[in-house]
Each structure stands twice: as C-alpha cells, then as structure tokens.
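Biologist: Could you take a close look at one part of this fold for me, the way the helices pack, and any empty space left inside?

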Amino acid sequence: MGKKVCIVTPDLVGPIKNGGVGTYAYYLALELTKNNYITTILFTGPCFNHNNKYWTKYYEKLNIEYLHINELQKPEYDMNNDWFLVKSYVIYEYLKKKDYDFVHFQEWKANGFHTIQGKKNHDNFQNTQLTVTMHSSTQWINQGMHWWNNRPTSDTKLEWCERYCCKNCDLLISPSKHMFDWAKVNGWELNENRSIIPYCFQNHLRTSLDKNLDLKHLIFFGRLETRKGLEIFCDSVVYLKEVQPNLFSEISFIGKNHECNGIPSNQFIGDKFKNIEINYNIYSNFNSFEAIQYLKEQNGIAVIPSKLDNYPFTVIECIENKISFIASNVGGIPEMVNKDILFEPTVDSLSNKLLDLDKVFDEKIIHRYSKEKASQYWLELHRKNKELVKDHIKEKLLHDNPLVSICIPYYNYGQYLPQLLKSISMNTYKNHEVIVVDDGSTEEESIEVFANMRNTYDKPNWTFLHKENGGIGNTRNFAAENAKGDYIIFMDADNIAFSNMIYDFIYGIYKSKADCLTCHYNVFKKYDIENNNPRVEYRNMPIGAALESGILQNVFGDANFIIRKKVFFQIGGFTEERTTSWEDYDFLIRLNLLGYKQDVIPESLFWYRLTEDGFSRNTNLYDNQQRVLKAYHDNSPNYVRFLLNSLILPLHYKYKESHRK
C-alpha cells in the first residue's frame, strides 16, 4: 500500500479563483498521485464555484480525495476564538484520527498551527512528517500590497501563528531562497531543518501553436494588484506611448481583478489610460489554462513586473509553455529565469527593456526552472523511508518518574474543593504530591470542609496548610515554597482536573523542553455539573508566547500550568498585589519577557468554573490592565511605556467598543 499524504490548503484550483498557493497544491497532488501516493486534499477556503460534491467528483477522477473543512466534525460548543484558530483546531481534530505519513501545510493562514503545536507538546503525530511551505505569509503580502492589518488584534495573532508554524514544523520548505532570506531580515526564527524545493508543474495545453512573435502586443500577466506591479506596467505604457506612439498596437491584462493603491484594478487601469489612445482589453475571468491558451494564441510578450514576488506560477507557466516573457528581478524570480529577461521594478527600467525587446528575443533563451528537477526533489522527499518512532519520552518518564507538586490556594471555596481533590486523586500519573493552602478562610462551612478534606486525604504526599490571609498570589507562592517536586502545577480550588492532566503536563514539558506549559480548558458555569461531567460553555484556547498580542489580551494561558520549580523562583513567583487580578497573566508575561520558553498543549486538561463572584470579574478592568502593562514597562524603555499606555490601549478599547454597538 502506498504512503498516505494530506495536503492542507486554504487555496485550490477549482472551488475558488485561486492564486499560487492553490496552483502549488493542485500540481503537487497530481505529481504524488501519478507516482502512486494515496493523496488527500483538505481544502480550508471558501467554495465559490459549484459545490463541494462537484469538486469531490472532479478530484476523484484524478484519483485524489477531496475534502472540505465544512465536512469535518466540529465541536458542538463555542471555541471562543479567532476564525483561523477555530479552523486550525478543527483540522487538528481531524488529523488526529488519521494515519497520514505526510501532512503538508502552508504558512499562509496558519492551518497547521494546532497540529504542529500538538506534535511539539503532546504525543500526537509521532509517525507523521509535518511540513510547512512558505509561499506568501500575511506579513509578506501586506508589505507587497502596502496594506495595514485590517483586524489588528486578530491579524497580529495570525502573523505570530504563521511564524510559529515555520519555526516548529518537522521540515520547512520554500520554492525559493528569497523567502528564507526575507523571513530572516524580518526577524523570523526559522526551523533549522529546511529545504528549497521548487514547485511541481504539469503541462495541460496539448496543442502547439506556431505563430510569429508579436512584439507589438504587450500582455500584463498576473493578479491585477499593487504587489504584481500593475502601476509600474501602466505608467511604462503611458510613457512609451508618448515617446514612441507606434511601439505597441495592443495591450492586454490577464489576471484576477483586485486593487492597486486602494482602487479597484479595472478602474485604476481606465484612469491611467483615459488620456491616451490605446487599444486595451482586460481578461479577469480566465482560469490558468485559459490564460495560457490566450498567451499561446496571441504570441505577444508577457510582462510580469512584480514589486514583490516569491516563485510565481506565471513565470513557470511561461517557461514550460515556451511563452516569451520579461519579468522584474525581485523575490525568487531571478532563481527561475535567464537574467537577460530581467528588469528592475521601476518605470524607467521596464520602459528601457520594452524598447529593446527585439534584442532580448533575437535568440533562444534557456531558463533555470525545470519541472523535471522539481518533481525529482518532491519525490525524493516522499521516498525517504522512516522507521516507526519509538516513544522515548514515555520511556524516560517511566525511568525518571519525577515528582510533580500540585499547589492549590484555597479561600472560602468549601462547596468546590472536594470535587477538585477527588479529580486529582483519580489522575493516572501517581507520583504527585498535593499542597492545599487555606488562605485564612472566614466562612464556617469552608473551614469545616478544609478540615474534612485533611482527614479524608490523610496520607503521604497530601499536605494541608493554614496561613493568614495574603491573597491568591501570596498563597500560590507559599504553596510553591513547600513543594518538594522539581515540577509544579498550580490549580484553583474551584476547577476540576481531567484524569490525564498531570501525565499530559509532565509528558509535554519533557517532550517540548519548555520551561512552562499551559493548555486549553473547558469552561462551565458555576453549578452546571452532573457526575463530574459538566456541559461545556465554551473552550478557551490560548496560543502561547505571542508577546505582541499579550499587550492587549491574555494569549498565554491560565494559572493552571506546569512549570519547572527552579524557573518559578528565578522569575520571583507571582506578584502579590491585593487590589487587582490577572496575576497569572502578569506572571506569564514576565516569564516570556525574561527569555524562558513557554508553550501550550492544544488539549483541554481541566474544567474551568465560570463564577460571577470570581475575583477577576470583580476587580477594575483599568487597574488589572495596568498591572499587566507594568510587566511590559519593567522590560521596556520609557517611550514604549508611554506608547502602550497612551495610544495602543486606548485605540484597542475604542475599537472593541465600536464593534459592540
């Protein structure tokens, strides 16, 4: 039986007017299927053309399984998070049930985020190779299009998740050296295991059209947008029309309508050409095959004047279909072509190249891209036989059997404590100790429950301590000071542990080598519980050490985390301010700012009780936010402190208020 491969992509030939990412996924699937790999495409974008049943049958004829994300099982509860994280989690849950040998993700839209995080911090996908191919990240697109983020809070997290995927996958792939270089210049940390593998391609045009090269017909080839150099092309045509009116007889545009400098592309072109006599046509509805057919029939000069590009399929299509073209010398294009057809992405440089077209094409041009070599590289990657991975982490845990200290602050929560302690006692990992600290409870019932629990769990490694009231941060610190284990897990007295919580936490920290791991958690209402199986109100899914997003919201996780005890004390424990909340948020910010490694297990490991009388819901939002900001202030120069306080946060809260109305 052949190896199983899944290509997860937000873009694809057929269901949507696709770009380069979709074309890459399509040709890779064809290449793998042709070589007897069992290939699945999981499409995560919108289906605008026909419907998913149509595309299932279409790809079935190509011996490719087609799935759409809407066909996958989704949780019945709210996941309380950004659209791209919800998609990523649905993909993760689907892939966990499968046994693919390879799963190929793209960095764009971070479809692989939870899957990659799950392999890094959990025991999933031990024998599946997870790759990420760099095509066009959100940050890269914004630079090329001269765009600001449309949804700053969400998009900042998306960009962080895209970078996370590129750092933590098993293999990072790019079709060009350019994208790796761009990422490094822009501060990305890339996976050390990375390869340059060009895109696959197959010719679909069977007819050979013999026609003399028409140097008077210019054809803009590419999406009609800023990044693809639409303005440069139009300005060059206008200039040349003035200096040599008869140089060109016809101008064509082939590409999807988009925008240039914020103006719809067809309007932009019309405005540019309104004062000159020129014959031009816009073909924005061609698919890639129709575009090539038109280029072959016309046999004019294709122009690809990109201002920023990676490894454009327009170039590959021209090379493999023997279409005469010129292109700008940006991004990965110089890695694909003969240097004689290149020009700088400026009006002057393009104009000069257009004036010398007869010299450029006076003899045969041989380019650097080869679909045969690209195919060879991809097949070599998939042919590597990989032995089944033995779970060395599990073996090491069995050998080390580390003591884990569960630290629980307790104050007037008598109605909840028995449930919590029972859930801990039923955990599958047994080498743990429990330290419950009564922070000066005042309710008679809670004092009595504490005494009863001490009698109930009167056995080794269960410790019940009293202290004067000092607040939750002070109480957690006190519990940690009494911990004997090298690893600490903090739990709040009103939460409930899953039976696998301790094992998954200690396994994850061994595997990831992180200093601290948080996790997902299921939120339930105060009394909505029956037989320790509450109804899920929503699922909270922190993403991890995204410090740029952590200024505005807690993306790090809850206080219910595991941490190396020595790291906890190196940081200084929890701050002990009494009038504000968010002490866990504050702690995790300081941990990350000080350079310690924090990550997230993308599994729910405990139940979080939602109570209206909880301390965090009865403290002042402004004051809580100031507590969090202080962690940033202490590690930032003054001007950053003032910027955050006086500009970023006011804009953030104003934006949130405007979207509530």
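Modeller: Here is a walk through three helix pairs and a cavity.

Keep in mind that this is a predicted model. Let's start with helix H8, residues 230-243, and its partner H9, residues 265-273: their axes come within 10 Å and cross at roughly 20°. That angle makes H8 roughly parallel to H9, the cut-off for that label being under 35 degrees. As for handedness, H8 and H9 make a right-handed crossing. On the H8 side, the contact uses Leu230, Glu231, Cys234, Asp235, Val237 and Val238, while H9 brings in Ser265, Phe268, Ile269, Lys272 and Phe273. Sorted by class, this H8 and H9 contact has seven nonpolar residues, one polar and three charged.

Val237 leads us on to the empty space. General idea first: if you roll a probe the size of a water molecule over the atoms, you see where empty space is left. In this model there is one cavity of 30 Å³ or more, and the largest cavity has a volume of about 30 Å³. Val237, one of the H8 residues in the contact with H9, is also in the cavity lining, together with Leu240, Lys241, Gln244, Pro245, Leu247, Phe248 and Ile278. By class, that lining comes to six nonpolar residues, one polar and one charged. The charged one is Lys241 and the polar one is Gln244.

Next up is H16, residues 417-425, with H17, residues 444-456. These two pack at about 20°, axes 10 Å apart, which makes H16 roughly parallel to H17. H16 passes H17 in a right-handed crossing. Leu417, Pro418 and Leu421 do the touching for H16, and Val449, Phe450 and Met453 do it for H17. What classes do the residues of this contact of H16 with H17 divide into? Six are nonpolar, with no polar and no charged residues.

The last pair is H1, residues 20-34, and H14, residues 371-383, which pack at an angle of about 65° with their axes 11 Å apart. H1 and H14 are therefore roughly perpendicular to each other; that label covers 65 to 115 degrees. The H1 and H14 crossing is right-handed. H1 makes the contact through Tyr24, Leu28, Glu31 and Leu32, and H14 through Ser375, Trp378, Leu379 and His382. The tally for H1 with H14 is five nonpolar, two polar and one charged. Here Glu31 is the charged residue, with Ser375 and His382 as the polar ones.

Terms used
Residues are numbered from 1 along each chain as its sequence is written. This is a predicted model: local features need pLDDT of at least 70, side-chain atom pairs count only at pLDDT 80 or more; totals for chains, interfaces and linings use all residues. Side-chain values use heavy atoms; hydrogens and water are left out. Axes are lines fitted to C-alpha atoms, for helices over the stretch in contact, and angles run from 0 to 180 degrees between N-to-C directions. Helices (H or I, at least four residues) and strands (E, at least two) are DSSP runs, numbered from the N terminus. Angles under 35 degrees count as roughly parallel, over 145 as roughly antiparallel, 65 to 115 as roughly perpendicular and the rest as oblique. A crossing is left-handed if the near helix is turned anticlockwise from the far one by less than a right angle, and right-handed if clockwise. Contact means heavy atoms within 4.5 Å. On a 1 Å grid over the protein atoms alone, a cavity is a set of points where a 1.4 Å probe fits but cannot get out, and a pocket is an open set with protein on both sides within 12 Å along at least five of seven lines; lining residues have an atom within 4 Å of a point. Grid points are joined across faces, edges and corners, and a volume is the space filled by probe spheres set on the points.
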